[in-house]
Amino acid sequence: MAALLLRRDKKSTAAHLKSDLNRTDNSSGVRQLQELLDSVLNPEKPAADTEALDWCKCLIAGGEGFEEFCKTVRSYDNATLCGLVWTANFVAYRCRTCGISPCMSLCAECFNNGDHTGHDFNMFRSQAGGACDCGDSNVMRETGFCRRHRLRTGENVPSVPRDLLLMSEMVLSRFIICIIQYLRDGYTEPDTSTERDLQKVLQELEPQISFLEELTKMGGAMRTVLTKILTNQQTFKDLSMGQEENVFAKKNYENYLSALKNSGLVSVEEKAQTGAAEPTRGSETGALGLLGAAAPSSSGSNKEEDQDGGQSIGQRKRVKLSSTTKDPSIMDSLKHKCFLEELLFWTIKYEFPQKMVTFLLNMLPDQDYKITFTKTFVQHYAFIMKTLMKSQESDTMSNRIVHISVQLFSNEDLARHVTEECQLLDIMVTVLLYMMESCLIKSELQDEENSRHVVVNCSEALLKNNTYWPLVSDFINILSHQSVAKKFLEDHSLLMLWMSFVSFFQGMNLNKRELSEHVEFESQTYYAAFAAELEACAQPMWGLLTHCKVKETQEYTKTVVRYCLETLQIWFDAIGFVDELAPNQVTFHLPLHRYYAMFLSKAVKCQGLDLESLLPDQEMLMRIMVHPLQIQASLSEIHSNMWVRNGLQIKGQAMTYVQSHFCNSMIDPDIFLLQVCASRLDPDYFISSVFERFKVVDLLTMASVHQNTVLDGEQERPMLEGALTFLVILSSLRIHLGMADDEILRAEMVSQLCMNDRTHSSLLDLIPENPNPKSGIVPGSCSFEEMLSAVADFKAPVFELGGSMQQGMYTPKAEVWEKEFDPIMVILRTVYRRDVQSAMDRYSAFLKQSGMHTTGNPWPPYKERTPLHPCYKGLDRLLHCKTLHIVIFTLLYKIWLDHSNMSEHVLCMVLYLIELGLDNQVEEDKGDEEPCIEEHCHDSWFPGTNLLSNLHHVINYVRVRVPETAPEVKREPPASTSTEASNFGQNVREAQVFSLVAERRRKFQEIINRSSTEASQAVRPKSSSTRWVPPGTPPQLVTEILEIHESMLSLLIKLHQKLSAKQNSLSATWLEDMDANPNRHIHGDGITAIERILTKAATRSHQSKRSIQEICGKVFPPVAPKKNSPAAKKTMDKEERRQRARERQQKLLAEFASRQKSFMETAMDVESPDTEAAMDLGASEVKESEVLYDCVICGQSGPSTEDRPTGLVVLLQASSVLGHRCKSDEAKKLPTTDDERIYPADTCGAAHDVRLALMQSFFKDSSCLQSVSIGWDGGVYVQTCGHTLHIDCHKSYMESLRNDQVMQGFSVDKGEFTCPLCRQFANSVLPCRPGRSTEVVSWHMPSNNKTSVLVKEVEDLQEQLGLFPMESNLSKEMELVIKDIKNTTQRKYMDYGKNPGSPDNDFLFMYSVARTNLELELVHRGGNLCSGGASGAAKRSCLNQLFHVLAMHMRLYSIDSAYNPWTRLTQVAPSRDDCLDDERPEVPMLFRDCPSLLIIFVLTMPQPLRKEHFICLVRMLYNLQYTQALAALSAKFSPEERQAWSTSGALKKNAFNAEKSYEALLSHVITELSKVKTVYDVNTEEPSMLSTSVWSPQSIEYSLQQFCLPYLRLSCLLQHHLYGDNLSGCPEEEEFSGLAGCLGLLDPVPQPSNPMYSASCLDWTVSAFDLMSQWCSEVTGLTNTQAEKSMTLLVQDLQWASPHLLHLPDNYNTIFQYYHKKACTACKKVPKDPALCLICGTFVCLKGLCCKQQGICECVWHSQHCGAATGIFLLINASVIIIIRGHRFCLWGSVYLDAHGEEDRDLRRGKPLFLCVERYRVLAQQWVSHTFDHINKRWGPHYNGL
Ligand SMILES: [Zn+2]
Ligand SMILES: [Zn+2]
Ligand SMILES: [Zn+2]
Ligand SMILES: [Zn+2]
Ligand SMILES: [Zn+2]
Ligand SMILES: [Zn+2]
Ligand SMILES: [Zn+2]
Ligand SMILES: [Zn+2]
């Protein structure tokens, strides 16, 4: 039966079956169909057989055509969502204004059809793929929907007729089971087969899966059918397992079952096993296996293994934890209930084939499907991650996973739904744990041996490759939904689980300070560690914190804080931490601390919780502060070079830790936590802990000498600076202590702008998303922009000629520098230390400029702080504790006495601390301060803790412990006491030992010990170890008593004197003189700072005031700055010297830059030669003598000689700039639609090619090649920097370059070099001719010869045979440069003749080189010679030398006198009929190009050519040019006009001076040319454009002048270069008379009455009419076919507009939208990297192999053909322009800038870009002036690969 059906026509069978099935009794239809399908969809057949697919299509369509069927189904589409699915690299849009979920994205069509004006949107290139959210109000606001999806089309679509999809339902279920069976059959476990097999199966299935995808595009109706099939459990049961009798199906099924078996997280075998045997197995197959998988080159990974192993003692072993999972079902194997589940299962097994993913995603607009699919996805989640971990291509797979999961989890309803029903949160956390458990190692922190803590191993592939990323990203995504986050925060066991997950990262990537040897291998694991903490710990934390913002959520915070503390406690126990840190260790990773810190901050700031209730006991606080403090100390150590042996990577860690993307998740929480600890702990304890941790305790002694057991001498100063700076930061930073969000943003912005001017985007990037990423201050939001305009001024991009492209920059406003510059914030945020200096430099520059501080270097300004939040008031006690005051006193004393290791920075920080203390008084302490004084003073230097009262407290004696060798010992102690300790307190009651820091520390140790003896007596005593014995134990130390008699105030006043270098710098009445304006004292140096502090002290305390007045009133003995201790002086000086060295260096750099710039300008400058010209003119006296040249290599000066020639440094380059000129002065528009097009035919190059080809088809080739110029395309342009060198010197220079191994960016082998003087790029040397520079002599001997005589002389000169020049060094060099010139361009630009390589070709090419250079100079001069120019310009140009070299070469050719055009130009001769026999005729004179003829004559005549002969040439050729003008003009007439002018002119023929009457001559030409009808006839067919306007004498004269002008310009320019004549400027309308006068064709003073002077320039030596008749007869004598074209040849285009690049649209999007998906015309594919030629508009495949020909990629290829190896390309996907020049290329930058004046390379930001007209003008100018090589740096070879 089925066989019967099979043989029948598919279409009719389908129709037949459909009608059968529609009957009420359809059983036979059903049976028939099943039988048919059994045989059609037989999975045993190869999948590649498309017959089955054809059958399915036909059956589904039910007899209709499939296309029509699709259309019908589509008409029932009720989808209201766009749902367009795209894959990686698709360009989509994101609108933050419209988006509800941050993941929202729109397809270009929906975006453009929606209204997003003024929104914060951007374009982006999809990384992982995505789908359009248009129409989904769960993800975006409805106002952003496009027109189509806003209409909710679904509501008015008719319901689907029952029978339409009947067949589909039946066929498709069979079709899907068939696909599944193929998948089952094809699958083999990866370890038993190779990767390729899976790919092969997929490839074969491609048409089937594509078909499914195609079906989804039919819209909602078809998707409903598919959903039904995919989710129906009964069909799945029936079809997937019910085929017991089928052997094939059975085998399949078993394959499937075995695949299922391993789908759980814990495999069946593992379940049975215990963890006992694990470690060994793990270490060999696990770590190595994974590493090997990531990096197949085993040598590399082995080395790494060794290194990591070498770092630790023993082998690093993976640790296997017993599973902590909450719900075992998550770990179990899968069970399937419908097709969708199994389909997804296979999708995973096959590692997410793209087509399958697209199909599954295309179904998502169906709501039922979406829910089921999401559940299925969640069900398979663990399995997905397991597969991902094993995958070889985890990157691709990650992208595909996220492509799917983003669509599912961005929707809050759905996410909540699956959280509730499918335990999504449990699954995610469990899977995360499972993943990380696979790479745990034992922590080595603290107690290496006994640590029980485990951490992730950052060198494992899982972390290195970021494999966990998709999972974490999903987790963050679902936590962004409040309902889901609440579930998480309410579930305590989940929180516990999560905390244990976080603790895997606590203390990872431990650094151990190398003390002896430099590490051999710099581990790069820190990248992985930082990334892991940020992504896996911090991001989820910020996600959770967004939901803990209000009072109602207090409970959540409390719970998190509780678990944090618990986990921290567990951690401290596990690492065996008691109270002492193991030395020389640091880890930057303390996520548990940071969780705790950030939840605390939120609790206080937003939820109104009391800090006290969330804090642990004092002991726990003490422990908590240890590790964050260690990081701060280590930062200082790293910057003090104490970690150099650990390599650069440790600096990398220090920098990453503070960097903008990490700081708010790392350093900020750490500092905050330390601030919390400081506010609660005893301040003396805290302060002493800080100095101890920074290892500078020993330094804090009053003694002149001390011993430091832990620091090297050179590290003491930076460490002390570090400690003090840290204390300043700690006590002044308010980020989490009371600042509002916008205050923080403002402070961040100001500090970044103060460091450097910033572009908008870099500023956006540098501002941490503070205080957390979702706080509402989203970068790019309005508040960012408002804040920016409040603090910064915009500096629009500036253009310097030849300078680099600048971008729009933001710079701080003046009042910001004045009031808001905060050096402390700058220090906190600097990644590079030099940025601090940069900020200070900019600050000083501002002060100088504004006159606020003009002498010396200002100090960092003091800035008042935001008041502390009441919870943190305790922090101020830090500033009011005796320990700090003792330190301050000691440091002031030591600075005053010039002790070593003190620096300006130390003083600055000390003063900062004093001032902070004065400004932040502790109120409550005041009350009980006074009574304490007496009681405590015996063990303390100061009576109380209040800074204000301690300031004036005088300390008389201090007891110090010093080595016996110290100077103090030798001095007789004033109170003459013994050194015995027992005397302490007896004789000198006030003398105190300054080991207080240590004493105090011990005191607190005791307190702690006492309070917890019961708890852990066994551990504690051991730990209060020997370390804390006061450092007085070494026997060589003795105690000495110093006599001090100073207070902090007196020391400050003394320092004031010292700094101002004046005794009694402060008078007794000084305080009264201070004015009340505090602002005056904000900016200034140390003196200002001290004055400010003293004033503050005086105003706040009477006692201080009295004390100050007293001290100031005293007359001090002169305190000359002590120079006696040279060592101390050194350190103070060091800073200063460093500063001076830097200034010197900057000055040098600036000088160098300006010198380079002036070189650049000279080289660039083509238009204003005036200044230098004037100088050159003055030097014209030397003209009689030989020119001397300076050699820039050897420095000698001398003439260029035959033996030792000198040459000009030149750059030869092929150019097609001239060829790209058009008639119109308007630039061609770049097409941006399919309808627009660029026609290349109207360019100069094309026109000349056509003209030459036309001539060559009629006339003798050799004659043709002398009648035109080439080089419009691919001509050789010669330019020089003007520097000369001996050619032999140059050769040795080249030799040295060749030996120089440094990459120079140019190729010496190709003759390239840079000018030794100005560094300009060059590639050849043009020999200078010996003798005088220009032929001025002949000008001074004007011969009175008549023109006719001169004509004869010229003829004689031309007859002279070219003599081969004497073989000399010079002549050899000249031939070499000719060779260079020829090699500069391509063959095709040289061979225009019919016989390639013939001398005629060579001849044409050579004189065309001269033409090209003259024409280009004209272009550079603006297209005319109106601007004039002195002869100096001629000197700097190399045209004269070039002409000489060319002439030398051209003289080798002689023109056959029989064909010499000179004869035909000057003589009336009988026509030579003889040549017509066998050959084609010569080109008629009227078709010849006069400028070309002039150049030919000049170059072929003996050199030097006398000026009168030159003028004679110009005159004779002008006659011809004028006649050509008349002929061309006459062609433009209408026949009637022609007749009229002919008649009227004829009357004047016999008048006087008829030979100079345009009317007579015009009439004659018309008459002569009319002799043969065809000449004018041709034109009459097409109506003349100008026939409507009547020709007047004025318009005729204008037309004639315009026709002759190009010839005059060229002649004039040539004369200028050959004879050094000045070019006189003139108004543009008088250019003709000006030039004619310059050439001597016209009287210098033309009669103004007669403007018709074009004819008066004529100068005939024979009868004008005869000569003209002769010329005309050459034309009329042609055959008829030739004559037809003669009009075209007569009417020439001589005037060309200046060259333009294409006109570009204003908005870059216009270009991008059209071109980024446009197909290349050559390969018909959409290029991966499309590029656009900005000269001609050609669209090319950059780097594409598709369009590569002869080993050259399309872009390079095009540059060779379009621009003779120069190309300007716009890279569509990057918005930047690249320049190709020969074998090199460079990135030029972009001509499109965003609203902030910035480039957006690679369109990363995706903001709208607009054309920067100025930049584009600069680009075009560089192109026209051929200065790409000089101006752009950083060229690289492209190897033809672009
Ligand atoms: Zn869309
Ligand atoms: Zn839409
Ligand atoms: Zn929008
Ligand atoms: Zn030299
Ligand atoms: Zn130079
Ligand atoms: Zn082009
Ligand atoms: Zn192409
Ligand atoms: Zn291509």
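This passage describes a zinc site and two helical regions in a predicted model.

The zinc ion (ligand 2) makes a good starting point. Its protein donors are Cys110 (SG), Cys134 (SG), Cys146 (SG) and His149 (ND1), which lie 1.9 to 2.3 Å from the metal. The angles among these four donor atoms run from 99 to 115°, and the site is tetrahedral. For comparison, the ideal angle for four tetrahedral donors is 109.5 degrees. Along the sequence, the donor residues follow the spacing C-x23-C-x11-C-x2-H.

Cys110 has a further role in the geometry, as it bridges the zinc ion (ligand 2) and the zinc ion (ligand 1), with 4.3 Å between the two ions. Cys110 belongs to helix H6 (residues 108-112), while Cys146 sits in the loop between strand S4 (130-131) and helix H7 (147-150), so this pair ties together parts that are 36 residues apart in sequence. Cys110 is buried, because its relative accessibility of 1% falls under the 20% cut-off. Cys146 is likewise buried, with a relative accessible area of 1%.

Helix H8 (residues 166-186) offers a check on helical geometry. Its 21 residues should span 30 Å at 1.5 Å a residue, and the end C-alpha atoms are 31 Å apart, in agreement with that expectation. Of the 21 residues of H8, 18 are buried, so the helix is largely enclosed by the rest of the structure.

Further along the chain, Glu1110 is found in helix H54 (residues 1102-1113). Glu1110 is exposed, because its relative accessibility is 55% and the cut-off is over 50%. Between the C-alpha atoms of Glu1110 and Ser1050 there are 9.6 Å in space, although 60 residues separate the two in sequence.

Methods:
Residues are numbered from 1 along each chain as its sequence is written. Chains are lettered from A and ligands numbered from 1 in the order in which they are written. This is a predicted model: local features need pLDDT of at least 70, side-chain atom pairs count only at pLDDT 80 or more; totals for chains, interfaces and linings use all residues. Side-chain values use heavy atoms; hydrogens and water are left out. Donors are N, O and S atoms within 2.8 Å of the metal (3.2 Å for Na, K and Ca); water is not among the atoms, so sites may look incomplete. Four donors count as tetrahedral if all angles lie between 85 and 135 degrees; four count as square planar and six as octahedral if opposite donors are over 155 degrees apart and all others between 65 and 115; anything else is irregular. Helices (H or I, at least four residues) and strands (E, at least two) are DSSP runs, numbered from the N terminus. Buried means under 20% relative accessible area, exposed over 50%, partly exposed in between (1.4 Å probe, protein chains only). The expected span of a helix is 1.5 Å times one less than its number of residues.
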